[in-house]
Amino acid sequence: MKAMIVDDERLARKELASLLAKHHEVEIVGEATNADEAEKLYHELRPDLLFLDVNMPGRDGFQLLEALDPAPHVIFVTAYDEHALHAFKVNALDYVMKPVEPARLEAALNKVPRITEAGTPQRDMLHADDQIFLRDGEKCWFCTLKDVRYFQSEGNYIRVFFNDQKPMVLRSLNTLEKRLDPLVFFRTSRKHIINLQWVEKIEPWFNGGLMVKLKGGEQVEVSRRQSARFKELLSL
Amino acid sequence: MTGTQRKQVAYWSAQLSGWGVWVGVVMLYNYLNGTFTLGLVKTLLTILLLGIAVSHLLRWYMHQRNWLDLPLGKVLVRLLISAAILGGLSFSMHAFINDVFFLDLKPMLSADGREVFTLVQNWTILFVLWSFGYFAYHWFVAHRREELRNLRLESAMRESELSMLRNQMNPHFIFNAMNSIRALIDEDPVTAKRAITQLSAILRSSLLTGRKKSVPLSEELAVVRDYLALEHIRFEERLNVEWNIDPATEQVNVPPMMLQTLAENAVKHGIAKLTKGGTLRISAERGEGIVLLTVANSGLLDHPTHNGNSTGIGLRNTRKRLELLYGNRAELTMHDGNGMVTTQVSIPLDQ
């Protein structure tokens, strides 16, 4: 398993590396001192696992994760941060506290799913089984794409509807659309991208458009322009 | 029910039950002595109604004149005089009612001087007793309110004291320092050992802060030096410290952990946010009747962000401390320019 350590303090990185030394299944392929460095290195090295400090100069750990799609497996490493701890506890993100207890680190490592020898494939397309990291205020989620019913554009933000949550996150619907698997996700209009696996019923709507009913009860309109493509896609 | 309504209810129940009990006791006394007559009932009912009416009038007058706010001596004189006047008034009304309506009873208007004096005296005593009850109740309530206010004040003070202590022991700093030291044990055991001593010194002075009002600046500087040495282990070349301490300030008394709080703020909101790190400048100089402590760090002034409300707590507490200790003779200012954020505290020397 390829791992990367992201922490602005050299000694903190060294300490974690020495704790990881006895875990032979973990290979540290890279270290980064800030989010920008980490983002670059991540695309180069494609690690399976990230050890991520929350407090860093520049973008913090959460902001880094928002920029990484699909989200890697992450173990947060933090000293003591009430805001971060709150986010972890609410959404069961995995974390270890500095100074790191070896037993706690082992428990966190055991929760990381075993990855095939081939490692994470190099790809830009986001699959339904991939996770994305979402943050809205103090709350954070790792959200599996197949759980998302639809995305809705709200100004510079998009609202993500999954499970019983609907956080609003700073992302662009256009950028997201380019990365999503077109067999699963469909841009119904300027405002929405829906997950086809959640479609329950389709009804004709005004002006030659369509109205899609999703499992879960929500309705999303398909614009006239997209309706033809939509029909074509479904008839396949 | 509003406060005024509650007061009205309390007043009327006390008023009615007070007079009622008094009439009841007199009746019972006469009954036990075998002197209970219909005439007595008539007289007592008259007294009951007159007593309630006249004492109510007295209450109204006292409120008009704000007697409740007067010192005890003045109230006492006024009460005795008005009780006597009202005693006379009540006697006259009682006598009038008695002679007009109760022809079967002994006439009162034509009673002899001694008898009249006794009756006026009895009325007066009743009003004096009534007033005592009234004032005792009011003083009791006011006293209790005062006590409650003091308790609230005390708990508010304790709370702010606690939050100040919490603020002084920044857990984020402590755990990060511990983590660095752990890594340092393999790399550089000598520095690691020194770091543990430095951390102990900081924890000790942080715990003692609550008990001391002021310490010599030299002592405070030792704490800040230990603190920055530890942060230097953590930030390494990213933290560069410059000192400029006028020796004449070293024996000046300053509030403990105040310069420390400023240094911590400068690291937390300044240096730690800079990828390349920066410089921290600490200086102490004497001005006219004051000592001027300055902490400057690379960076820009924090702009309040949507999720960061912790930014101002350290400074706010420091301001509050300064005000409690020195009133308006101390000052804390903050400004930025030339890529540095400068925080300055001026403390009066006369301590």
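Seven bridges join strand E2 (residues 239-245) of chain B to strand E4 (residues 278-286) of chain B, and the two strands run parallel. This is a predicted model, and the description below follows chain B, then the contact between the chains, then chain A.

**Strands of chain B**

Within the parallel pair, B:Glu242 has B:Arg281 in E4(B) as its bridge partner. E4(B) also pairs with strand E5 (residues 290-298) of chain B, here in the antiparallel sense and again over seven bridges. In that pairing, B:Ala284 is matched with B:Leu293 in E5(B). Three residues lie between the strands in the hairpin of E4(B) and E5(B), and B:Gly289 in this hairpin takes a positive phi near 70°. In general, strands of a sheet pair through backbone hydrogen bonds, either parallel or antiparallel.

**Helix H9 of chain B**

Does the length of H9(B) agree or disagree with what its residue count predicts? Helix H9 covers residues 313-326 of chain B, which is 14 residues; at 1.5 Å a residue it should span 20 Å, and its end C-alpha atoms are 20 Å apart, so the two values agree. The buried residues of this helix are B:Gly314, B:Thr318 and B:Leu322. Viewed down the axis of H9(B), the buried residues fall within an arc of 70°, so they line one face of the helix. The general background is that an α-helix has 3.6 residues a turn, so residues three or four places apart point the same way. B:Arg316, B:Lys320 and B:Leu324 are exposed on the other side of H9(B). After the helix comes B:Gly327, with a positive phi near 65°.

**Confidence**

Chain B has a mean pLDDT of 86, and 91% of its residues reach 70 or more. Among the elements of chain B, E2(B) has the highest mean pLDDT, 97, and H9(B) the lowest, 79. The pLDDT is below 50 over residues 305-310 of chain B, a stretch that has three contacts in the model beyond near neighbours in sequence. Where pLDDT is low, the predicted coordinates should not be read in detail. For the complex, the predictor gives an ipTM of 0.78 and a pTM of 0.66.

**Contact between the chains**

In the model, 18 residues of chain A are in contact with 19 residues of chain B. On the side of chain A that touches chain B, helix H1 (residues 10-20) of chain A gives the most, with six residues. What is the make-up of the side of chain A that touches chain B? Its residues divide into six nonpolar, five polar and seven charged.

**Chain A**

The secondary structure of chain A comes to seven helices and 15 strands. Chain A has 236 residues, of which 33% count as buried. Among contacts in chain A between residues at least 6 apart in sequence, 52% join residues at least 24 apart.

Five strands of chain A form an open sheet in the order E10-E9-E8-E12-E11, with antiparallel pairing. Strand E10 (168-169) and strand E11 (185-187) of chain A are the edge strands, each pairing on one side only. Inside the sheet order, strand E8 (residues 148-154) and strand E12 (residues 192-195) of chain A pair in the antiparallel sense over three bridges. A:Phe151 stands opposite A:Ile193 in E12(A).

**Backbone exceptions**

Most residues other than glycine have a negative phi, and most peptide bonds are trans. The table lists residues that depart from this.

| Residue or bond | Backbone value |
|---|---|
| A:Asp69 to A:Pro70 | cis, omega near -10° |
| A:Lys98 to A:Pro99 | cis, omega near -10° |
| A:Arg46 | positive phi of about 50° |
| B:Glu236 | positive phi near 50° |

A:Pro70 is in the loop between helix H3 (61-66) and strand E4 (73-78) of chain A. A:Pro99 is in the loop between strand E5 (95-97) and helix H5 (102-110) of chain A. A:Arg46 lies in the loop between helix H2 (35-45) and strand E3 (49-53) of chain A. Because A:Arg46 has 16 C-beta neighbours inside 10 Å, this residue counts as partly exposed. B:Glu236 is in the loop between helix H7 (217-235) and E2 of chain B. With 13 C-beta neighbours inside 10 Å, B:Glu236 also counts as partly exposed.

Terms used. Residues are numbered from 1 along each chain as its sequence is written. Chains are lettered from A and ligands numbered from 1 in the order in which they are written. This is a predicted model: local features need pLDDT of at least 70, side-chain atom pairs count only at pLDDT 80 or more; totals for chains, interfaces and linings use all residues. Helices (H or I, at least four residues) and strands (E, at least two) are DSSP runs, numbered from the N terminus. The expected span of a helix is 1.5 Å times one less than its number of residues. A residue is buried if 20 or more other C-beta atoms lie within 10 Å of its own, exposed if 12 or fewer, and partly exposed in between; C-beta atoms are placed from the backbone. The arc is that of the directions from the helix axis to the C-beta atoms. Two residues are in contact if their C-beta atoms, placed from the backbone, lie within 7 Å. Ala, Val, Leu, Ile, Met, Phe, Trp, Tyr, Cys and Pro count as nonpolar, Asp, Glu, Lys and Arg as charged, and the others, Gly among them, as polar. Two strands pair if DSSP finds at least two bridges between them. pLDDT is the predictor's confidence in each residue, from 0 to 100.
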